[in-house]
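Student: Could you help me learn to read a protein model? I would like to go through it one feature at a time.

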Amino acid sequence: DNSSEFIPKCRTCRRQAREQSGEGDHHEGLSSDEELTPTEVDEFQKSKDNVLEDSRKIFEDVHADFCDIRKILLKFQEWKEKFPDSYCDAYISFCLPKLLNPLIRVQLISWNPLEQNFTELEEMPWFRAIEEFSDAENVSESK
């Protein structure tokens, strides 16, 4: 089996190529396949900026009551309080994850848990709104 011999030879070849080209910023133990060139970093940043800009436009033409998770959940809470039988018959608790999924995904586009100063999920406004809704549901069910 020559596959075990192939890996060290590749590493040796890449190390020699880095030494000849004068690249001194490689850290031993990291794969050079994972290293990005400055051009790739710039392209990635531009692409990321474009995605973030496009994500801000997604709900531009939507009425505020239907793109804010807290407001949507308040409407469902009102429904449950005023018409509990139809709320239960519609299996709303099963529908809410699918309904809220696109709204949450848009808010998570820029979230990166690998950054040093990232926001914990539990601290995000959408998470707190869902948590409050769940607490209100549990209180009304216990009554």
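Tutor: Let us go from the whole fold to single residues. Please keep in mind that this is a predicted model.

Student: Which helices and strands does the protein have, and in what pattern?

Tutor: There are 6 helices and 0 strands. Along the sequence, the pattern reads α-α-α-α-α-α.

Student: How much of the protein is buried?

Tutor: A residue counts as buried when its relative accessible area is under 20%. Here, buried residues make up 15% of the 143 residues. The protein exposes about 11,600 Å², and carbon and sulfur atoms supply 53% of that area.

Student: What share of the contacts joins residues 24 or more positions apart?

Tutor: Among contacts with a separation of 6 or more, such residues account for 53%.

Student: Let us take one helix. What span should H5 have, and what does the model show?

Tutor: Helix H5 covers residues 92-108, which is 17 residues. At 1.5 Å a residue it should span 24 Å, and its end C-alpha atoms are 24 Å apart, so the two agree.

Student: Where does H5 have a kink?

Tutor: Look at asparagine 101, where there is a kink of about 40°. Proline 102 follows shortly after that point.

Student: Which residues of H5 are buried?

Tutor: First, the general idea: an α-helix has 3.6 residues a turn, so residues three or four places apart point the same way. In H5, the buried residues are Ile92, Leu96, Leu100, Leu103 and Ile104.

Student: What does the largest nonpolar core contain?

Tutor: It has 14 residues, and those with the most contacts inside it are Ile69, Leu73, Phe76, Tyr87, Leu96, Leu100 and Phe133. The elements giving two or more residues to this core are helix H3 (69-82), H5 and helix H6 (125-142). H5 supplies the largest share, 5 residues.

Student: What does isoleucine 130 touch, leaving aside its sequence neighbours within four places?

Tutor: Isoleucine 130 lies in helix H6 and is in contact with Ile69, Leu73, Leu100 and Ile104. With a relative accessible area of 25%, isoleucine 130 is partly exposed, because buried would require a value under 20%. Its C-alpha atom is 9.9 Å from that of leucine 96, although the two are 34 residues apart along the chain.

Student: Where is aspartate 68, and how far is it from leucine 100?

Tutor: Aspartate 68 sits in the loop between H2 and H3. Its C-alpha atom is separated from that of leucine 100 by 9.6 Å, with their positions 32 residues apart along the chain. Aspartate 68 is partly exposed, at 31% relative accessible area.

Student: Is serine 55 buried or exposed?

Tutor: Serine 55 is buried, with a relative accessible area of 11%. It belongs to helix H2 (residues 38-57). Apart from neighbours within four places in sequence, serine 55 is in contact with Val106 and Ile109.

Student: What is the phi value of tyrosine 91?

Tutor: Phi of tyrosine 91 is near 50°, which is a positive value in a residue other than glycine. You will find tyrosine 91 in the loop between helix H4 (84-89) and H5. At 53% relative accessibility, this tyrosine counts as exposed.

Student: How many disulfides are there?

Tutor: A disulfide is a covalent bond between the sulfur atoms of two cysteines. A search of the whole structure finds 0 disulfides. Cysteine 88 is exposed at 53% relative accessible area, while cysteine 95 is partly exposed at 39%.

Terms used: Residues are numbered from 1 along each chain as its sequence is written. This is a predicted model: local features need pLDDT of at least 70, side-chain atom pairs count only at pLDDT 80 or more; totals for chains, interfaces and linings use all residues. Side-chain values use heavy atoms; hydrogens and water are left out. Helices (H or I, at least four residues) and strands (E, at least two) are DSSP runs, numbered from the N terminus. The expected span of a helix is 1.5 Å times one less than its number of residues. The bend at a residue is the angle between axes fitted to the seven residues ending there and the seven starting there. Buried means under 20% relative accessible area, exposed over 50%, partly exposed in between (1.4 Å probe, protein chains only). A disulfide is a pair of cysteine sulfur atoms within 2.5 Å. Contact means heavy atoms within 4.5 Å. A nonpolar core is a set of buried Ala, Val, Leu, Ile, Met, Phe, Trp, Tyr and Cys residues joined through side-chain atoms within 4.5 Å. Accessible areas come from the Shrake-Rupley method with a 1.4 Å probe; for residues, only the protein chains shown count as cover.
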